[in-house]
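Here are some short exercises to work through with the coordinates open. Try each task yourself before you read the solution.

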Amino acid sequence: NGEVLYYNDDSGLEANCVVYLSDGRYALIECKLGSERINEGAQNLLKIKALIEKNKKLDNPTFLAVLTGGKYAYTRPDGVKVIPIGCLK
């Protein structure tokens, strides 16, 4: 029970997927199929998270993730998850 949305603001920040669940939890996901662009996607998500934290009207996202064409799933030191598209079912 949820929906998948897209986020884009006036400053150019975007999240390719915002996955909202009916219980209010949500995740921000960037799709970067080239491994060299993982850092770019993660930095973008962290900027959006910082805006959310300043707002104080919204709960923080449950997780941030970069969906990639790579082979390995891992969590970066900044907490952003890197998930190969092959892990999705």
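Helices (H or I, at least four residues) and strands (E, at least two) are DSSP runs, numbered from the N terminus. This is a predicted model, in which local features need pLDDT of at least 70 and side-chain atom pairs count only at pLDDT 80 or more, while totals for chains, interfaces and linings use all residues. Residues are numbered from 1 along each chain as its sequence is written, and side-chain values use heavy atoms, with hydrogens and water left out.

**Exercise 1. Place Ile-38 and describe its surroundings.**

Step 1: Ile-38 lies in helix H1.

Step 2: Turn to accessibility, where buried means under 20% relative accessible area, exposed over 50%, and partly exposed in between (1.4 Å probe, protein chains only). Ile-38 has a relative accessible area of 8%, so Ile-38 is buried.

Step 3: List the contacts (heavy atoms within 4.5 Å). Apart from neighbours within four places in sequence, Ile-38 touches Lys-32, Val-66, Thr-68, Tyr-74, Arg-76 and Val-82.

Step 4: Check one C-alpha distance: Ile-38 and Gly-70 are 9.8 Å apart in space and 32 residues apart in sequence.

**Exercise 2. Lay out the fold.**

Step 1: Count the elements; the protein has one helix and six strands. From the N terminus on, they run β-β-β-α-β-β-β.

Step 2: Order the strands, using the rule that two strands pair if DSSP finds at least two bridges between them. The result is an open sheet of six strands, E1-E2-E3-E4-E6-E5, with mixed pairing. Strand E1 (2-8) and strand E5 (74-75) are at the edges with a single partner strand each, so one side of each has no neighbour in the sheet.

Step 3: Look at one pair. E1 and E2 run antiparallel and are joined by six bridges; Asn-8 stands opposite Glu-14 in E2.

Step 4: Add the helix. H1 packs on the sheet and touches E1, E2, E3, E4, E5 and strand E6 (81-84). The direction of H1 makes about 155° with that of E4, where axes are lines fitted to C-alpha atoms, for helices over the stretch in contact, and angles run from 0 to 180 degrees between N-to-C directions.

**Exercise 3. Which elements give two or more residues to the largest nonpolar core?**

Step 1: Set the rule: a nonpolar core is a set of buried Ala, Val, Leu, Ile, Met, Phe, Trp, Tyr and Cys residues joined through side-chain atoms within 4.5 Å.

Step 2: The largest such core has 14 residues, and those with the most contacts inside it are Ala-15, Leu-28, Leu-45, Ile-48, Val-66 and Val-80.

Step 3: Strand E2 (14-21), strand E3 (26-31), helix H1 (38-55) and strand E4 (63-68) each give two or more residues. H1 gives the most, with five.

Step 4: Follow Val-66. Beyond four places in sequence, its contacts include Leu-45, Val-80 and Ile-83.

**Exercise 4. How many disulfides are there?**

Step 1: A disulfide is a pair of cysteine sulfur atoms within 2.5 Å. By this rule the count is zero.

Step 2: The closest cysteine sulfur to that of Cys-17 is in Cys-31, 4.6 Å away, which is too far for a bond.

Step 3: For Cys-87, the nearest cysteine sulfur, that of Cys-31, is 14 Å away. Cys-87 is partly exposed, at 48% relative accessible area.
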